[in-house]
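Let's take a walk through a small piece of molecular architecture. Have the sequence and the 3D view open side by side, and follow along as each residue comes up.

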Amino acid sequence: MELYYPNSRVDVVEIDPMVTQVVYKHLGLPKETKIRTFNTDGRWFVMNCTDKYDLIFTDAFNDLSIPYHLTTGSLWHS
């Protein structure tokens with residue numbers, strides 16, 4: 001995203017800090033990236049952030065299914 005849309009702002013929310021470390025260490029994301037990473041629960045982040053987003057992409061799973069609380073409408077508010 002940063003390469004093709006250099007003026008965009010990308011925020012990543014990852015609950016596991018070890019996953020974030022792997023991205024920097026083994027997948028080549030540079031430390032000086034404009035991509036901001038927050039190590040917290042994604043649902044908590046969306047419910048408590050004051051920023052407005054044009055797009056929110058989720059990739060959440062619990063073993064073989066999506067956690068129930070992420071399939072309900074209670075997450076989304078105006």
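## A walk along the chain

Starting at the N terminus, the elements of the chain come in the order β-α-β-α. That gives two helices and two strands. Keep in mind that this is a predicted model.

Now for some whole-chain numbers. The chain has 78 residues, and buried ones make up 14% of them. Its accessible surface comes to about 6,800 Å², and carbon and sulfur atoms account for 58% of that. What about links between parts of the chain that are separated in sequence? Take the contacts between residues at least 6 apart in sequence: 60% of these join residues at least 24 apart.

### Three residues to click on

Let's pick out three residues, beginning with how much of each one is covered up.

| Residue | Where it sits | Relative accessible area |
|---|---|---|
| Pro6 | segment before strand 1 | 46% |
| Asp11 | strand 1 | 17% |
| Thr20 | helix 1 | 11% |

Pro6 comes before strand 1. Is Pro6 buried or partly exposed? It counts as partly exposed because its relative accessible area, 46%, falls between the 20% and 50% cut-offs. Leaving out residues up to four places away in sequence, Pro6 touches Met1 and Lys34. Pro6 and Lys34 are 28 residues apart along the chain, and their C-alpha atoms are separated by 8.9 Å.

Next up is Asp11, in strand 1, which covers residues 11–13. Why does Asp11 count as buried? Its relative accessible area is 17%, and buried means under 20%, so Asp11 makes the cut. Which side chains does Asp11 join in polar contacts? One partner is Arg9, with a polar contact of 3.4 Å between the two side chains. Another is Arg36, where the side-chain polar contact is 2.8 Å. Arg36 also turns up among the residues that Asp11 touches, along with Phe38, Asp51 and Tyr53, once residues up to four places away in sequence are set aside.

Thr20 takes us into helix 1. With a relative accessible area of 11%, Thr20 is under the 20% limit and therefore counts as buried. Not counting residues up to four places away in sequence, Thr20 touches Glu14, Thr37 and Asn39.

### Both ends of helix 1

Helix 1 spans residues 17–26, and Asp16 caps its N-terminal end. Look for a side-chain oxygen of Asp16 lying 2.9 Å from the backbone nitrogen of Met18. Just after helix 1 you'll meet Gly28, which takes a positive phi of about 85°.

### A little empty space

Rolling a probe the size of a water molecule over the atoms shows where empty space is left. How many cavities of 30 Å³ or more are there? The count comes to one. The largest cavity has a volume of about 40 Å³. Which residues line the largest cavity? They are Glu2, Tyr5, Ser8, Arg9, Val10, Lys34 and Ile35. Sorted by character, that lining has three nonpolar residues, one polar and three charged.

Two of these names have come up already. Arg9 is the one joined to Asp11 by a polar contact of 3.4 Å, and Lys34 is among the residues that Pro6 touches.

Conventions:
Residues are numbered from 1 along each chain as its sequence is written. This is a predicted model: local features need pLDDT of at least 70, side-chain atom pairs count only at pLDDT 80 or more; totals for chains, interfaces and linings use all residues. Side-chain values use heavy atoms; hydrogens and water are left out. A polar contact is a pair of N or O atoms within 3.5 Å; within protein, one must be able to donate a hydrogen and the other to accept it, and residues adjacent in sequence count only if both atoms are side-chain atoms. Helices (H or I, at least four residues) and strands (E, at least two) are DSSP runs, numbered from the N terminus. On a 1 Å grid over the protein atoms alone, a cavity is a set of points where a 1.4 Å probe fits but cannot get out, and a pocket is an open set with protein on both sides within 12 Å along at least five of seven lines; lining residues have an atom within 4 Å of a point. Grid points are joined across faces, edges and corners, and a volume is the space filled by probe spheres set on the points. Ala, Val, Leu, Ile, Met, Phe, Trp, Tyr, Cys and Pro count as nonpolar, Asp, Glu, Lys and Arg as charged, and the others, Gly among them, as polar. Buried means under 20% relative accessible area, exposed over 50%, partly exposed in between (1.4 Å probe, protein chains only). Contact means heavy atoms within 4.5 Å. Accessible areas come from the Shrake-Rupley method with a 1.4 Å probe; for residues, only the protein chains shown count as cover.
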